[in-house]
Amino acid sequence: LWSNPSFTEKICELNKFTDYKSITPWTYSECCMYRQYNCRSPINISWPGGPKTTLMELTQRCRFINENHLVIETVGSAKDIPYGSEFNTEEKWDITSLKENECKVNAEISVKWRKPPSLLFKTVASAIERSSLSIAQSHGQKWLLAANETVNNHRNLSNEPPYT
């Protein structure tokens, strides 16, 4: 699913991303495969006079630990919101095939500050973290639902048992 352009487009639409047409193909490197893309993402924190969306720059890395274990990491930075240059959001998806038609997904989401927020900035930093984590969690839930639906639709077409 991660390499399927139409699935990626579906995820972008579910998350109300716009201007996401610049998704690069997966490229191989020594450690992994990676791709980059930019999109406009809605934000759910209000800034007086601030934008309703932000330009996100995303880098995804994908590596196979073995034939049953995949790790996908995404680092995102907001380019045009207040304090956007001060932090990145980081996601790590650890996916392990357990048996046929079953897998375990462990997702970690965090906000990484380029330098520790000052005491004066702590309240704003806390609001940014809550908002960023909430958005990332929502995106992850939508991804899992869409992936499950896509896999089950494929299995129904091929008369395979549903994915759990």
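## A walk around and into the cavity

The accessible surface of the protein chain comes to about 10200 Å², and carbon and sulfur atoms hold 54% of that area. Please keep in mind as you look around that this is a predicted model.

Let us begin with the overall layout. The protein chain has 164 residues, and 35% of them are buried. Its secondary structure comes to 2 helices and 6 strands. Read from the N terminus, the elements follow the order α-β-β-β-β-β-β-α, with a helix at each end of that run. Among contacts in the protein chain with a separation of 6 or more, 43% join residues that are 24 or more positions apart.

Now for the inside. Rolling a probe the size of a water molecule over the atoms shows where empty space is left. What turns up here is 1 cavity of 30 Å³ or more, and the space in this largest cavity is about 600 Å³.

Which residues lie nearest the centre of the largest cavity? They are Phe-17, Leu-58, Glu-91, Ala-136 and His-139, from a lining of 36 residues. By type, the lining divides into 21 nonpolar, 12 polar and 3 charged residues. Several elements take part: helix H1 (5-14), strand S2 (33-42), strand S3 (53-66), strand S4 (69-78), strand S5 (87-99) and helix H2 (122-157) each give at least two residues to the lining. H2 provides the largest share, with 8 residues.

His-139 is a good place to stop, as it is one of the residues nearest the centre of the cavity. This histidine sits in helix H2. His-139 counts as buried because its relative accessible area is 16%, under the 20% cut-off. Leaving aside neighbours within four places in sequence, the contacts of His-139 are Asn-15, Phe-17 and Ser-41. Phe-17 also belongs to the group nearest the cavity centre.

From helix H2 we can move over to strand S5, where Thr-89 has its place. The relative accessible area of Thr-89 is 16%, so this residue is buried too. With neighbours within four places in sequence again set aside, Thr-89 is in contact with Met-56, Thr-74, Val-75, Gly-76, Ser-110, Val-111 and Ser-132.

Is Lys-16 buried or exposed? Lys-16 is exposed, with a relative accessible area of 62%. This lysine lies in the loop between H1 and strand S1 (27-28). Its backbone deserves a glance as well: phi of Lys-16 is near 60°, a positive value in a residue other than glycine.

The cysteines make a last stop. A disulfide is a covalent bond between the sulfur atoms of two cysteines. How many disulfides does a search of the whole structure find? The count is 0. Cys-12, for one, is in no disulfide, and the nearest cysteine sulfur, which belongs to Cys-39, is 5.8 Å away. A pair would need its sulfur atoms within 2.5 Å, so the 5.8 Å between Cys-12 and Cys-39 does not qualify. Cys-12 is buried, with a relative accessible area of 1%, whereas Cys-103 is partly exposed at 23%.

Notes:
Residues are numbered from 1 along each chain as its sequence is written. This is a predicted model: local features need pLDDT of at least 70, side-chain atom pairs count only at pLDDT 80 or more; totals for chains, interfaces and linings use all residues. Side-chain values use heavy atoms; hydrogens and water are left out. On a 1 Å grid over the protein atoms alone, a cavity is a set of points where a 1.4 Å probe fits but cannot get out, and a pocket is an open set with protein on both sides within 12 Å along at least five of seven lines; lining residues have an atom within 4 Å of a point. Grid points are joined across faces, edges and corners, and a volume is the space filled by probe spheres set on the points. Helices (H or I, at least four residues) and strands (E, at least two) are DSSP runs, numbered from the N terminus. Ala, Val, Leu, Ile, Met, Phe, Trp, Tyr, Cys and Pro count as nonpolar, Asp, Glu, Lys and Arg as charged, and the others, Gly among them, as polar. Buried means under 20% relative accessible area, exposed over 50%, partly exposed in between (1.4 Å probe, protein chains only). Contact means heavy atoms within 4.5 Å. Accessible areas come from the Shrake-Rupley method with a 1.4 Å probe; for residues, only the protein chains shown count as cover.
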